[in-house]
Amino acid sequence: MAQPQMRKPVEYFLDNKKYLHPKFAANYGNWKTHDRPRPGVLHHVSNTGDQVWSVRAGTQRQMDVHTIRLLCDIADKFAEGRVRFTIRSNIEYILSEESKVAPLIAELEKNGFPVGGTGNSVSMVAHTQGWLHCDIPGTDASGVVKSMMDALYDEFKNEEMPNRVRLSTSCCEINCGGQADIAVIIQHTKPPKINHDLVANVCERPAVVARCPVAAIRPALVNGKPSLEVDEKKCICCGACYPPCPPMQINDPEHSKLAIWVGGKNSNARSKPTFHKMVASGLPNNAPRWPEVNEVVKRILMAYKADARPWERMADWIDRIGWPRFFEKTDLPFTKYMIDDWRGSRYNLNASAHVRF
Amino acid sequence: MAKQPHATPMLDQLETGPWPSFVTGLKRLAKDKDYVVDLLGHLEHSYKTRKGYWKGGTVGVFGYGGGVIPRFTEIKDEKGEPTFKDAAEFHTIRIMPPPGMHYDTDTLRKFCDIWEKHGSGLIALHGQSGDIMLQGCTTENVQKAWDEINEMGFDMGGAGPAVRTAMSCVGAARCEQSCYDEAQAHQKIVNQFLDDIHRPALPYKFKFKFSGCGNDCMNAIQRADMAVIGTWRDNIKTDDALGKKWFAKHGMNELVNDVIGMCPTRALQIKDTKDVRKDAHISAVALNDTQSLEIDNKDCVRCMHCLNVMTGALNVGNDKGATILVGGHSHLKIGATMGTVVVPFISLKKDEDYEQLVELAQTMIDFFAENALEHERTGEMIERIGLVNFLEGVGLDVDANMVTNPRMNPYVRTDGWDEEVAKINAKKKAAA
């Protein structure tokens with residue numbers, strides 16, 4: 001029987017300038033300065049005197065086609081049919097005329113898209129797939145994010161923070177959401193539960209053994225079947241064995257908790273980029289609104305807002321006030337689990353007489 | 001009209017509150033699609049039991065080895081039949097977006113039409129990988145959807161142990177701080193590695209990210225195996241009119257506290273304009289008729305802070321290019337690593353410069369393919385073999401910009417010292 005004719009893919013990466021707004025194309029590499037006339041609006045001026053206004057609005061990221069078409073209708077009506085997206089899933093409309101800014105904002109707000117996310121605001125959360133689509137999720141990113149952004153709605157729409165605030169959430173310790181001023185990340189607290197009936201058929205055992213960061217996994221014969229066992233004293237409950245070996249179930253409705261990390265910064269401005277640090281853990285995976293997580297995130301944000309100086313990011317603020325005062329101001333307990341014992345950890349200890357009282 | 005919806009009391013709670021709700025979007029799709037009716041049932045089950053129920057598998061398109069993320073349901077009845085049978089398969093197709101994520105509405109509408117016809121109608125703009133994520137498709141429809149998307153002029157993104165979809169910032173299209181043509185670098189590098197994107201055959205993933213300046217809006221240093229960060233070698237450019245305008249609005253307190261006091265290398269000073277140094281590496285911007293902000297560009301590390309505060313009054317220089325850092329990645333397996341400098345400056349002005357960047361990327365990928373262990377990222381490989389071995393392997397010279405400080409321990413064999421010094425001196429002489 002003849003095989004059906006399959007279409008061969010055309011491999012290319014598209015024209016890098018094709019989708020630009022005409023003003024972007026005309027002034028490419030020739031911009032002079034910008035300002036922000038109001039939260040959610042950027043105003044750029046080129047060396048030729050050309051001007052564009054970019055209006056930024058929040059979206060739910062996981063969008064149905066009706067939402068995308070609505071956003072397109074708005075672009076066709078107000079913004080010359082061009083849009084772009086930011087790394088945090090905000091949509092940006094590009095306008096050549098200032099007179100269209102206010103009507104566009106009104107239209108976006110009328111349709112439920114908050115305008116903001118610029119400058120010293122709390123922008124939309126960078127997040128992952130979660131229960132909706134991921135194969136190894138401990139929680140649902142979209143739900144946590146929706147709950148957080150509901151609570152931080154006004155902070156998105158205004159620019160009242162000391163500097164910009166970037167958030168992320170991640171549904172497992174791999175941290176696909178990325179480094180952030182405040183990151184919400186699943187923290188497993190128990191070793192994987194192994195279904196020994198399935199391991200031999202599903203998992204490539206040497207690859208799973210090699211995946212463990214602390215060499216806690218070894219091949220074993222269990223109930224007469226080739227399987228794997230975990231040295232539970234060594235296990236750090238990271239879940240790295242679960243993707244290559246799903247019978248090693250790490251997610252646990254009760255024992256997979258949420259942890260909060262602060263002070264990640266990707267920018268090189270002022271200090272070098274920093275990784276975020278764990279400041280809270282043990283928060284329940286309390287779907288559908290995760291109120292305990294929200295409460296801690298908001299508490300940290302409000303302490304930062306009240307105390308940080310202009311232009312200090314979360315990391316810069318903590319660097320000035322010190323960790324003891326961070327825990328004091330946020331009323332979070334500093335526990336032994338926050339003292340790093342991973343490789344290179346002694347660089348994270350205080351090797352000085354610099355002590356704050 | 002689709003079938004009767006499942007009760008979703010938990011998801012319904014995510015329709016309250018002011019932020020746009022993805023649940024409301026899913027419900028709109030569920031009006032016409034049994035597929036999404038069952039997807040909502042599936043998701044509600046996860047919310048109730050606090051667990052995920054998708055497992056991977058193998059689904060692809062003709063000609064490619066990756067780019068589709070297969071998902072099969074694990075929620076099954078006692079006979080092993082899927083409980084939510086219309087959503088038993090929920091694959092995602094990753095599509096590479098245009099550099100800077102610019103679109104016209106025609107393109108977005110075409111994506112919507114294709115995905116409404118062949119998929120769930122749910123699209124994430126964008127995934128953390130930088131891809132357009134077309135979420136939710138049956139095995140049968142993956143090829144049909146892909147054929148139409150490819151006809152539109154879009155190509156599939158990376159997955160698995162492959163070169164991955166790259167990301168670039170808005171850059172030169174709109175930003176005065178852009179130090180190179182990010183979109184061009186992005187496109188040239190991706191085109192070089194199309195085979196490595198579509199047919200996973202590397203030890204593990206390899207990511208490129210392009211940021212136009214040190215603000216690193218693409219999180220490249222933390223997340224990319226090779227980060228291209230825009231910078232400049234000459235002096236910060238200044239604009240006296242904008243400097244005076246800024247100072248009139250913000251005043252001395254803000255200048256001292258927010259600009260001068262926050263410079264990480266103390267490169268800024270207030271001077272009477274008549275006392276500003278005349279050396280070639282000094283630039284200055286007027287604050288008023290008698291005072292200026294003096295910048296010692298030899299001390300400046302191009303961190304971007306003062307440019308961010310005094311936008312337009314201070315700006316990037318003319319001798320532009322990029323710093324290249326290698327080895328950023330997240331926690332698995334050895335703990336997160338930042339990228340570290342391997343090329344302090346590469347000029348990115350002419351077309352040939354971009355060809356050189358592509359060549360450098362090819363050398364890095366070749367070395368990674370040859371030398372990394374299975375499931376080892378570039379940052380982990382460098383940690384294992386040491387930066388010097390990596391540099392020698394890819395043919396780059398050592399530079400003091402690559403370290404925070406020189407070694408702090410004597411545990412090193414130095415009997416090649418004289419030869420190294422001779423080599424460095426010979427290079428200096430040749431360059432002179």
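# Exercises on a predicted two-chain model

The domain assignment of chain A gives domain 1 (22-110), domain 2 (130-189 + 253-339) and domain 3 (195-248); such bounds come from an automatic or database domain assignment. The model is predicted, so local features need pLDDT of at least 70 and side-chain atom pairs count only at pLDDT 80 or more, while totals for chains, interfaces and linings use all residues. Residues are numbered from 1 along each chain as its sequence is written, and chains are lettered from A and ligands numbered from 1 in the order in which they are written.

## Exercise 1: Domains

Task. State how far apart the C-alpha centres of domain 1 and domain 2 lie in chain B, and describe the contact between these domains.

Solution.

Step 1. Chain B is divided into domain 1 (9-152), domain 2 (167-233 + 319-402) and domain 3 (237-315).

Step 2. The C-alpha centres of domain 1 and domain 2 of chain B are 31 Å apart.

Step 3. Nine residues from domain 1 of chain B and 14 residues from domain 2 of chain B take part in the contact. Two residues are in contact if their C-beta atoms, placed from the backbone, lie within 7 Å.

Step 4. On the side of domain 1 of chain B that touches domain 2 of chain B, three residues are nonpolar, six are polar and none is charged. Here Ala, Val, Leu, Ile, Met, Phe, Trp, Tyr, Cys and Pro count as nonpolar, Asp, Glu, Lys and Arg as charged, and the others, Gly among them, as polar.

Step 5. In chain A, 29 Å separate the C-alpha centres of domain 1 and domain 2.

## Exercise 2: The interface between the chains

Task. Determine which element supplies the largest share of the side of chain A that touches chain B.

Solution.

Step 1. In the interface, 93 residues of chain A are in contact with 104 residues of chain B.

Step 2. At least two residues of this side of chain A come from each of β1 (31-38), β4 (62-64), α2 (65-78), β5 (82-85) and α4 (141-151). Helices (H or I, at least four residues) and strands (E, at least two) are DSSP runs, numbered from the N terminus.

Step 3. The largest share, eight residues, is supplied by α2(A).

Step 4. By residue class, the side of chain A that touches chain B holds 43 nonpolar, 28 polar and 22 charged residues.

Step 5. A strand pairing also links the chains: β5(A) and β5 (residues 102-104) of chain B pair in the antiparallel sense over three bridges. Two strands pair if DSSP finds at least two bridges between them. Within β5(B), His102(B) stands opposite Arg84(A).

## Exercise 3: A sheet in chain A

Task. Identify which strands stand at the edges of the four-stranded open sheet of chain A, and explain what this means for their sides.

Solution.

Step 1. The strand order in chain A is β7-β8-β13-β14, and the pairing is mixed.

Step 2. The edges are β7 (167-170) and β14 (277-283) of chain A; each has a single partner strand, so one side of each lacks a neighbour in the sheet.

Step 3. From one strand to the next, the twist averages 25 degrees. Axes are lines fitted to C-alpha atoms, for helices over the stretch in contact, and angles run from 0 to 180 degrees between N-to-C directions.

Step 4. Strand β13 (residues 256-262) of chain A pairs with β14(A) in the antiparallel sense over four bridges. Opposite Trp261(A) stands Met278(A) in β14(A).

Step 5. Helix α8 (residues 291-307) of chain A packs on the sheet and touches β8 (182-188), β13 and β14 of chain A; the direction of α8(A) makes about 145 degrees with that of β8(A).

## Exercise 4: Two helices in chain B

Task. Classify the packing of helices α6 and α11 of chain B as oblique or roughly parallel.

Solution.

Step 1. Helix α6 (residues 182-192) and helix α11 (residues 351-371) of chain B pack at an angle of about 45 degrees, with their axes 10 Å apart.

Step 2. Angles under 35 degrees count as roughly parallel, over 145 as roughly antiparallel, 65 to 115 as roughly perpendicular and the rest as oblique. Therefore α6(B) is oblique to α11(B).

Step 3. The contact brings Gln184(B), Ala185(B), Lys188(B), Ile189(B) and Gln192(B) in α6(B) to Tyr354(B), Leu357(B), Val358(B), Ala361(B) and Gln362(B) in α11(B).

Step 4. The residues of this contact between α6(B) and α11(B) comprise six nonpolar, three polar and one charged.
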